[in-house]
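Please open the model in your viewer and keep the selection tool at hand. The tour below goes from stop to stop, saying what to select and what is found there.

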Amino acid sequence: MIKQDWLSIINPENEQIAKHRSHLRVLWTNQLIFKDLEDNLNLQTICDYFIYLFREAFSSDSLLLGEMRILALAGQLFANSLVLSDKLIDRQYIELNVSSLLEIQAKQFESYHLLHQIFPPNTTFWQRFRGYLSQYTQACLEENDFISGKRPWSEYTESVAIQSIRDRTGVAKTAIAGLVELAQEDKYLNQLEESISNFYVANQMLDDLLDWKEDIETGIPSLLLSRLIDKSPHQYSQEELEELRKKLNHKIYYQGHANYVLELALKHLDQAEILKEELPELLWWNVTSKLRHKCQTLIEDIAGIVQKNLERAKKQPKFTLTPPLAASEWQQLSWDGLNFIIKQWQLGFGEARHIMVFAQEQGFSSSQEYQYGDVFQRALIADALCDVDEQLGGLLQPLLKEEVNYLLNCQRTTGIGGWSYFPDLPELSPDADDLAQIMQVLFRLGHGAEIVKFCETPLKFLLEDCAYPDGSFETWIIPQNQRTPEQENQAKWAKEAWGTGPDTDVIANLVYALWLYDSQRFSDQIKQGISYLESQQQADGSWLSSWYHGPYYGTYVCLRLLAATKPDSPAISRASNFLKTHQHSDGGWGLTEDSDSLSTALSLLGLAAVAKLGGGEENNNLATPALSFLQSCQQPDKAWENCQFIRMEVGRASGQVYQILSYGSRTITSTFVMKAANAWHQLSRQTIL
């Protein structure tokens with residue numbers, strides 16, 4: 001998004017351009033053409049205002065508004081067509097999207113049609129445009145040679161990578177060529193072209209760092225990856241690729257490769273701003289400064305995170321464990337998950353950490369724009385380890401003690417205390433989900449005094465200030481009265497960004513924590529919460545989740561609560577039937593027609609909660625093929641794949657969701673598989689006995 005002070009300059013023009021764009025849309029089938037340009041008006045991109053960034057480099061009386069609007073719209077259409085082209089090229093080994101091909105043709109036709117209205121065929125503009133397109137085409141073909149393996153990645157040197165970026169993004173220089181032609185001034189042509197090229201080199205360095213996992217998946221070469229591997233990822237087996245990802249994750253950040261490409265980006269930004277003193281009024285410098293700030297901030301944040309992790313690794317006590325011989329196939333799965341989780345614990349659970357950008361330009365106040373959170377994840381892991389520790393006679397207690405200390409140290413030190421998903425983000429309030437998960441861990445490990453000391457205050461405000469008469473309550477724990485300035489700001493962000501209102505997944509988790517902690521004292525809240533959850537059950541027997549992908553997490557936590565507190569609830573049989581009817585032929589469950597390990601583990605946990613009530617033969621019949629499925633999903637290190645778990649709907653607060661951000665990790669998937677396998681091992685032993 002661009003800054004508000006730019007909007008007064010650019011928005012009036014964009015509104016006029018949008019009218020012309022809407023007219024073009026009705027000329028083509030509404031199934032595909034131009035729809036995205038209309039639907040994403042709330043997400044301005046650089047393409048929407050690109051030519052206006054350079055207007056001050058030309059005499060104001062030489063540029064007519066009508067011609068500039070035509071040039072701007074043509075640029076939007078053509079740039080969007082190239083984005084689609086790049087997606088098709090990048091995904092050539094995955095699928096061919098016919099509608100996108102047709103959309104590319106339509107947008108380029110309309111772009112050419114517009115350009116011919118202001119540039120006759122014999123003008124220099126078309127010669128320059130052809131040159132830019134020729135360079136783009138050649139760069140795409142050369143990149144494809146690296147993707148296919150025709151050329152080894154060892155040849156993707158720094159000079160090759162930079163030239164490829166310059167050529168692939170060269171079409172952006174068409175904006176300058178158009179302005180030069182309209183103004184009949186070419187004084188700054190070459191320098192502005194160089195500025196654009198250097199900016200896009202810097203931007204690509206940042207993108208390559210942020211998207212390296214996706215580039216590995218699609219086989220797209222980058223300077224960052226070519227410093228680490230010498231052949232296309234398509235030439236690796238799936239097992240080799242999985243091992244490669246794990247090794248690269250550490251090398252990129254701990255061996256200086258991330259820092260190298262970011263410093264290279266800053267070097268090219270210096271070159272991009274060579275005209276800054278001569279043309280200080282260019283809006284273009286806002287864009288280059290924004291990218292510079294991102295790169296500098298990321299360098300600082302990476303250094304801080306790496307340093308923290310290294311210090312934590314030094315302080316981390318040593319812990320090793322060899323589980324006893326497994327007594328069942330289920331227990332073997334559980335031990336496999338445990339071994340992986342212990343290894344991740346030794347590494348500080350870096351793989352489980354959720355990292356997101358909260359930029360100051362978006363209104364966030366933290367100087368650390370890259371925020372990371374692992375509180376909720378580590379509380380989930382600790383809870384699962386408590387399950388397994390019951391089978392190990394307390395051997396995991398040293399590890400669990402360290403985890404409790406870590407969780408308590410992550411408590412917010414301002415306001416009412418409590419925990420938030422990103423502990424260092426001031427705009428994010430404490431929440432009921434983190435509170436619930438940590439209460440469960442503290443209770444299970446006998447830390448009643450710590451619950452009183454650290455949890456009672458946020459719990460009081462949640463149940464008194466954030467509850468509704470129907471038994472539900474808000475996720476965000478923000479006092480109603482006598483708020484601090486920080487709490488007022490948190491309430492504003494909850495209302496305008498995160499979204500307010502009750503979330504069934506969070507309510508089920510918190511009510512379960514209340515039942516564990518003191519079922520008699522909180523009997524009214526538990527009863528009302530259960531009634532609310534029963535009323536929210538879907539027609540198919542599932543429960544939806546606000547903060548988790550798919551229906552399986554919500555269904556599991558609701559079943560866990562009902563089986564423990566109201567075993568005669570009719571909702572239990574409906575939920576059991578939902579799980580039964582949604583099991584796939586391979587024995588697993590999934591968010592799509594394909595099964596995945598996380599959905600399968602969550603479904604098994606829901607079924608285990610029901611099976612403990614008795615009459616488990618039918619559930620056993622569902623669990624047996626699920627065991628085979630989970631065994632088939634194990635990767636070379638005996639752990640399980642990264643699955644989508646947590647979701648954040650961007651735009652939820654306004655009622656118009658325009659993007660869904662996702663989080664998942666192999667550690668979390670393996671944690672739930674371990675927990676489910678342990679539960680079914682115990683059930684299988686009870687059946688035998």
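Which are the buried residues of α23? Before selecting them, note that this is a predicted model, in which local features need pLDDT of at least 70 and side-chain atom pairs count only at pLDDT 80 or more, while totals for chains, interfaces and linings use all residues. Residues are numbered from 1 along each chain as its sequence is written, and side-chain values use heavy atoms, with hydrogens and water left out.

**First stop: helix α23**

Select residues 570-581, which form helix α23; helices (H or I, at least four residues) and strands (E, at least two) are DSSP runs, numbered from the N terminus. The buried residues to colour here are A571, I572, A575, S576, F578 and L579, where buried means under 20% relative accessible area, exposed over 50%, and partly exposed in between, with a 1.4 Å probe and protein chains only. They lie on the same side of α23, because they cover an arc of only 155° around the axis, the arc being that of the directions from the helix axis to the C-beta atoms. An α-helix has 3.6 residues a turn, so residues three or four places apart point the same way.

On the face turned away from the buried side of α23, look for the exposed residues P570 and T581. Then add α21 (523-535), α22 (552-565) and α24 (597-611), which are among what covers the buried residues of α23.

**Second stop: the two domains**

Colour domain 1 (45-299) and domain 2 (337-638 + 668-687) separately; these bounds come from an automatic or database domain assignment. Their centres, taken over C-alpha atoms, are separated by 42 Å. The contact between them, meaning heavy atoms within 4.5 Å, takes ten residues from domain 1 and eight residues from domain 2.

Between them, domain 1 and domain 2 bury about 780 Å², 56% of it on carbon and sulfur atoms; buried area is the accessible area (1.4 Å probe) that two parts lose on being put together, summed over both. Select E242, H293 and T297 in domain 1, since these lose the most area to domain 2, together 38% of what that side buries. How many salt bridges are there between domain 1 and domain 2? The count is zero, a salt bridge being a side-chain nitrogen of Lys or Arg within 4 Å of a carboxyl oxygen of Asp or Glu.

**Third stop: charged pairs**

By this rule the count comes to 25 salt bridges. One of them joins E217 to R245, with the closest N and O atoms 2.6 Å apart. E217 lies in helix α9 (residues 212-218) and R245 in helix α11 (residues 238-254), so the pair ties together parts that are 28 residues apart in sequence. E217 is partly exposed at 47% relative accessible area, whereas R245 counts as buried at 14%.

Move next to R353 and D374, whose side chains meet in a salt bridge (3.7 Å, N to O). This pair links distant parts of the chain, 21 residues apart, with R353 in the loop between α14 (329-346) and β1 (354-357) and D374 in the loop between β2 (370-373) and α15. Both R353 and D374 are buried.

**Last stop: R378**

Finish in helix α15 (residues 375-392), where R378 is found. Is R378 buried or exposed? R378 is buried, with a relative accessible area of 3%, and, not counting residues up to four places away in sequence, R378 touches R312, G348, F349, E403, Y406 and L407.

How values were computed: Expected span 1.5 Å × (residues − 1).
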